Amino acid sequence: MGLPRFTRPKGGDTDRTSPNLYVANCGPAVGLSFDLIASVFSKYGEVKGVYAADESGTRVIVCFDGDNSAKSAMEALHENPCSQLGGRSLHIRYSVKSSDQIQVKDLVQVSLTDSELKVPGVYLLHDFITVREEEELLAAVDSRPWHHLAKRRVQHYGYAFCYETRNVNTNQYLGKLPSFVSVILERISQFQRLGCSVDIELDQLTVNEYPIGVGLSPHVDTHSAFEEPIYSLSLAGPCIMEFRKYSTGVWLPTSTSNFDNEVSDSYSGSNFIRRAIYLPPRSILLLSGEARYAWHHYIPHHKVDRVKDSVVRRGSRRVSFTMRKVRKGPCQCQYPDFCDSQK
């Protein structure tokens, strides 16, 4: 599906008005959702859409229904602190629609909240950490060595994850989780107010760095390897996570050679349910119960994603912190058709 791309007016038309505004210092990467941006700009006229201007997540295109509305917004907001947008000073110029279009493939309706997603056992908390804490976490992992996979880089703490077996060797203990994740572990108690049990000592951390356009193939975290719940904190860039509930007994190919790559989906059609949710930077996702044990999760290999009526470009990098509890015995979950311990 083609979605609009915008560019700066060229030639002698650089000062002419347009219903479209290019707005810098504004976007998901600085904690401002497209809905919030639209609500602020709608004070000056009908907003037809808000789009990501580039991969940074800090620049957007706001499209009005007419030039006069865009002009009013420009005069009111250009280089003026906006209290509704966190006091940020916006840098605005006119933009025009390009003849090119952004191609977004494999569309599925994307939810913004866990309640909208309706996958049992999925919980999402926005703004779980601050921008400052995000910077400190990224600096901490960037100061440590990375292990290179085919298309991404990883770090393991507590126990190393073996991609060939999709399991951990419990006899190879790497030590306690690093001190830089203490802020995350202390704050996980917030999930108690959602009715989630958090009285579990997490002892395994996998840090993944995804370059732009790189995702993760559909999989279920191995039952025999990890207990529940599983936590995943998103840093630096946004992404879409898709969930797939396959028919009983239907599994993806067991070969792990393509675990780090895009796979051709031989199970397309009506034999699985698809749901998707938008994960903004600094949000944390919890997988428990049915979502952890019976739904595959998947990050599409896209450079741009369609979220509601907007296009969100992936950042130049996305870093995730996945925290789990290593299982010391066989899994005895209530989902034997999806459980390697019970097959």
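**Entry 1. Cavities**

I searched this predicted model for enclosed space and found 3 cavities of 30 Å³ or more. The largest cavity holds about 320 Å³ of space. I then listed its lining, which comprises 26 residues. Leu-216, His-219, His-297, Thr-322 and Arg-324 are the lining residues nearest the centre of the largest cavity.

I sorted the lining of the largest cavity by class and obtained 12 nonpolar, 9 polar and 5 charged residues. I next asked which elements supply at least two residues each to this lining. They are strands E14 (204-211), E15, E16, E19 (284-287), E20 (296-299) and E23 (317-324). E23 gives the most to the lining of the largest cavity, with 4 residues.

**Entry 2. The second largest pocket**

I turned to the second largest pocket, in which about 450 Å³ of space lies. Its lining consists of 23 residues. Nearest the centre of this pocket I noted Ser-33, Phe-34, Asp-35, Leu-112 and Tyr-278. By class, the lining of the second largest pocket divides into 11 nonpolar, 6 polar and 6 charged residues.

Helix H1 (34-41) and strand E3 (47-52) each contribute at least two residues to the lining of this pocket. Of the elements, E3 gives the most, with 4 residues. I also checked the domains: domain 1 (6-97) and domain 2 (110-250 + 271-338) each supply at least three residues to the lining of the second largest pocket.

**Entry 3. Nonpolar cores**

I looked up the largest nonpolar core and counted 28 residues in it. Leu-21, Val-23, Ile-37 and Phe-41 touch the most other members of this core. Two or more residues come from each of strand E2 (20-24), H1, E3, strand E4 (59-64), helix H2 (67-77), strand E7 (91-103) and strand E18 (272-279). This core, too, draws at least three residues from each of domain 1 (6-97) and domain 2 (110-250 + 271-338).

I followed Ile-37 further and asked which residues it touches, leaving aside those up to four places away in sequence. The contacts of Ile-37 are Cys-26, Gly-27, Leu-32, Val-50, Val-60, Val-62 and Leu-85. I recorded a second, separate core of 27 residues as well, with Leu-177, Ile-188, Ile-284 and Phe-321 among its members.

**Entry 4. The cis peptide bond and Glu-228**

I inspected the peptide bond from Glu-228 to Pro-229 and found it to be cis, with omega near 0 degrees. Pro-229 sits in the loop between strand E15 (216-219) and strand E16 (230-235), and Glu-228 is found in the loop between E15 and E16.

Is Glu-228 buried, partly exposed or exposed? Glu-228 has a relative accessible area of 31% and is therefore partly exposed, the bounds of that class being 20% and 50%. Beyond the residues up to four places away in sequence, Glu-228 touches Ile-200, Ser-288, Gly-289, Arg-292 and Tyr-293. I also noted that Glu-228 and Val-326 are 98 residues apart along the chain, with 9.3 Å between their C-alpha atoms.

**Entry 5. Positive phi values**

I searched for positive phi in residues other than glycine. Glu-79 has a phi near 60 degrees and is found in the loop between H2 and strand E5 (81-82). Arg-166 has a positive phi of about 55 degrees, although it is not a glycine. Arg-166 is placed in the loop between strand E12 (159-162) and strand E13 (167-173).

Why does Arg-166 count as buried? Its relative accessibility is 18%, and the cut-off for a buried residue is under 20%.

**Entry 6. Arg-152**

I located Arg-152 in the loop between strand E10 (147-148) and strand E11 (153-157). Because its relative accessible area is 3%, Arg-152 is buried. Arg-152 and Gly-215 are 63 residues apart in sequence, and I noted a C-alpha to C-alpha distance of 9.0 Å between them.

**Entry 7. The chain as a whole**

Finally, I took the totals. The protein chain has 6 helices and 23 strands. Of its 343 residues, 52% are buried. Among contacts in the protein chain with a separation of 6 or more, 80% join residues 24 or more positions apart.

Definitions and conventions:
Residues numbered from 1 in each chain as written. Predicted model: local features only at pLDDT ≥ 70, side-chain atom pairs only at ≥ 80, totals over all residues. Heavy atoms only, no water. 1 Å grid on protein atoms, 1.4 Å probe; cavity = no way out; pocket = protein on both sides within 12 Å on 5 of 7 lines; lining within 4 Å. Points joined across faces, edges and corners; volume = space filled by probe spheres on them. Nonpolar A, V, L, I, M, F, W, Y, C, P; charged D, E, K, R; others polar. Domains from an automatic or database assignment. Core = buried A, V, L, I, M, F, W, Y, C linked by side-chain atoms within 4.5 Å. Buried < 20%, exposed > 50% of the residue type's maximum accessible area, 1.4 Å probe, protein only. Contact = heavy atoms within 4.5 Å.
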